[in-house]
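Follow the chain from one residue outward to the sheet and then to the whole fold. The explanation below goes in that order.

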Amino acid sequence: MAETAVKHGIKNEKIGMVVSTAMQKTIAVEVSRRVPHPLYKRIIGKRKKFYAHDEEGRAKVGDVVRII
C-alpha cells in the first residue's frame, strides 16, 4: 500500500492561505480554486476552509502553506 502511494505521489495535497491562528496548535487554511460552472461554463471561484495541525505554532495569518 505504501509503495503505491510513493509511485503515484500524494493526491490529497492542498495549497492555501492561513486565515486564523486563534486556536492552540491548530490553524485554519483557506484553499481557493477556479472551476467552470456546470451549466453556464463560466469560470467561478470556490473556496473551502480546512483545519491543520501546527505543533510549533510557526504559521502566521497570511502565510501560504501546503497541507497534506
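In this predicted model, Val 65 touches Lys 14, Ile 15, Gly 16, Val 18 and Val 29, leaving out residues up to four places away in sequence. The bridge partner of Gly 16 in β4 is Val 65. A further bridge in β4 links Lys 14 with Ile 67. In total, β1 and β4 pair over four bridges, in the antiparallel sense.

The side chains of β4 alternate in direction. Val 65 and Ile 67 point to one face and are buried, whereas Val 64 and Arg 66 point to the other face and are not buried. Such alternation between the two faces of the sheet is what a regular strand shows in general.

The buried pair from β4 belongs to the largest nonpolar core, which has eight residues in all: Val 18, Ile 27, Val 29, Val 31, Ala 52, Ala 59, Val 65 and Ile 67. β2 and β4 are the elements that give two or more residues to this core. The most comes from β2, with three residues. Two of the core residues, Val 18 and Val 29, are also among those that Val 65 touches.

Lys 14 deserves a separate look. This residue lies in strand β1, which covers residues 14–20. Is Lys 14 buried or exposed? Its relative accessible area is 26%, and buried would require a value under 20% while exposed would require one over 50%. Lys 14 is therefore partly exposed. Neighbours within four places in sequence aside, the contacts of Lys 14 are Val 31, Phe 50, Val 65, Arg 66 and Ile 67. Val 31, Val 65 and Ile 67 are members of the core described above. Phe 50 is 36 residues from Lys 14 along the chain, and the C-alpha atoms of the two are separated by 9.6 Å. Nearby in sequence, the side chain of Lys 14 makes a polar contact of 3.3 Å with the side chain of Asn 12.

The strands can now be put together. Four of them form an open sheet in the order β3-β2-β1-β4, and the pairing is antiparallel. Which strands stand at the edges? They are β3 (43–53) and β4 (64–67); each has a single partner strand, so one side of each is left without a neighbour in the sheet. From one strand to the next, the twist averages 45 degrees.

At the β3 side of the sheet, β2 (residues 26–36) and β3 run antiparallel and are joined by 11 bridges. Within this pairing, Arg 33 stands opposite Lys 46 in β3. The hairpin of β2 and β3 has six residues between the strands, and Lys 41 takes a positive phi near 60 degrees there.

For the protein chain as a whole, the secondary structure comes to one helix and four strands. Read from the N terminus, the elements run α-β-β-β-β, with the helix ahead of the strands. The chain has 68 residues, of which 18% count as buried. Its accessible surface comes to about 6,000 Å², and 54% of that belongs to carbon and sulfur atoms. Among contacts between residues at least 6 apart in sequence, 48% join residues at least 24 apart.

Conventions: Residues numbered from 1 in each chain as written. Predicted model: local features only at pLDDT ≥ 70, side-chain atom pairs only at ≥ 80, totals over all residues. Heavy atoms only, no water. Buried < 20%, exposed > 50% of the residue type's maximum accessible area, 1.4 Å probe, protein only. Contact = heavy atoms within 4.5 Å. Polar contact = N/O pair within 3.5 Å; in protein donor to acceptor, adjacent residues only side chain to side chain. Pairing = 2+ DSSP bridges. Axes fitted to C-alpha atoms, helices over the stretch in contact; angles between N-to-C directions. Areas by Shrake-Rupley, 256 points an atom, 1.4 Å probe, with all protein chains shown as cover. Core = buried A, V, L, I, M, F, W, Y, C linked by side-chain atoms within 4.5 Å.
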